[in-house]
Amino acid sequence: MEETRDHLAASVLPEPRDLLRSHGLRCTPGRLRLLALLRASPERHLSTAEACARLAQTGAAIHATTVYRTLEALTAVGVAHAVPGPGPTRYGITAEPHHHTVCQQCGQVAALASEHQTEAAARIEELTGLRPDASGSLLVYGRCARCGT
């Protein structure tokens, strides 16, 4: 369930400072560091604990509570998106709407570009009347290849 980098390219995202300002958020050092981390990790959605660990590895340790609150604030304004588990909620950032697959055993999150799910989303809307929002967020749960059946 590797995420493809072509539709999640960080190069199409605005710089962290510009991204925060465009959403009316202050450019605090913690927000800038966390956004830079998410931007540099488009191939993975990170949990709060993973984000804290990666920040600590770079020498930019931020308290876990601050990371959690920052991720929640970024998600609330649409800068980041959250993908619920099983396991911890994972956070990502991208300029492109996309869907997610979530392994029910290990919690691994992978992104699916919207164009791969257009027909399925149309069929879901036809059957239920439910239309995905602008973020294109559909969650598909199952088991990844590593966890098997």
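Trainee: Hi! Let's start with glutamate 15: what does its relative accessibility make it count as?
Mentor: Glutamate 15 counts as partly exposed, since its relative accessibility is 44%. Keep in mind that this is a predicted model.

Trainee: Noted. Which residue does the side chain of glutamate 15 meet in a salt bridge?
Mentor: Its partner is arginine 39, with a distance of 3.4 Å from N to O. Glutamate 15 sits in the segment before α1 (16-22) and arginine 39 in helix α2, so this salt bridge ties together parts that are 24 residues apart in sequence.

Trainee: And arginine 39, buried or exposed?
Mentor: Buried, because its relative accessible area is 17% and the cut-off for buried is under 20%.

Trainee: How many salt bridges does the count come to?
Mentor: The count comes to three salt bridges. Another one pairs the side chains of arginine 90 and glutamate 50, at 2.5 Å from N to O. This pair links distant parts of the chain, with arginine 90 in strand β3 and glutamate 50 in helix α3, 40 residues apart. Arginine 90 is buried at 11% relative accessibility, and glutamate 50 is partly exposed at 22%.

Trainee: Which residue does glutamate 126 form a salt bridge with?
Mentor: With arginine 123, where the closest N and O atoms are 2.5 Å apart. Both belong to helix α5 (residues 114-128), and being three residues apart they are separated by about one helical turn. Glutamate 126 is exposed, with a relative accessible area of 60%, while arginine 123 is partly exposed at 43%.

Trainee: Back to α3, then. Which of its residues are buried?
Mentor: In helix α3 (residues 48-57), the buried ones are Thr48, Ala51, Cys52 and Leu55. They are on the same side of α3, because they cover an arc of only 100° around the axis. Look at the other side of α3 and you'll find Ala49 and Gln57 exposed.

Trainee: What do the buried residues of α3 pack against?
Mentor: They pack against two helices, α2 (29-40) and α4 (64-76), and two strands, β1 (46-47) and β3 (90-92).

Trainee: What happens just after α3?
Mentor: Glycine 59 comes there, and it takes a positive phi of about 85°.

Trainee: You mentioned α2 and α4. At what angle do their axes cross?
Mentor: At roughly 70°, and the two axes come within 10 Å. That angle makes α2 roughly perpendicular to α4.

Trainee: Which residues make the contact?
Mentor: From α2 there are Arg31, Leu34, Leu35 and Leu38, and from α4 there are Val67, Thr70, Leu71 and Leu74. By type, the residues of this contact divide into six nonpolar, one polar and one charged.

Trainee: One last thing, threonine 75. Where does it lie?
Mentor: Threonine 75 lies in helix α4. With 25% relative accessibility, threonine 75 counts as partly exposed.

Trainee: What does threonine 75 touch, not counting residues up to four places away in sequence?
Mentor: Threonine 75 touches Ala80, His81, Ala82 and Tyr91. You could also look at isoleucine 93: it is 18 residues from threonine 75 along the chain, and their C-alpha atoms are separated by 9.2 Å.

Terms used: Residues numbered from 1 in each chain as written. Predicted model: local features only at pLDDT ≥ 70, side-chain atom pairs only at ≥ 80, totals over all residues. Heavy atoms only, no water. Buried < 20%, exposed > 50% of the residue type's maximum accessible area, 1.4 Å probe, protein only. Helix = DSSP H or I, 4+ residues; strand = E, 2+ residues; numbered from the N terminus. Arc of directions from axis to C-beta. Contact = heavy atoms within 4.5 Å. Axes fitted to C-alpha atoms, helices over the stretch in contact; angles between N-to-C directions. Parallel < 35°, antiparallel > 145°, perpendicular 65-115°, else oblique. Nonpolar A, V, L, I, M, F, W, Y, C, P; charged D, E, K, R; others polar. Salt bridge = Lys/Arg side-chain N within 4 Å of Asp/Glu carboxyl O.
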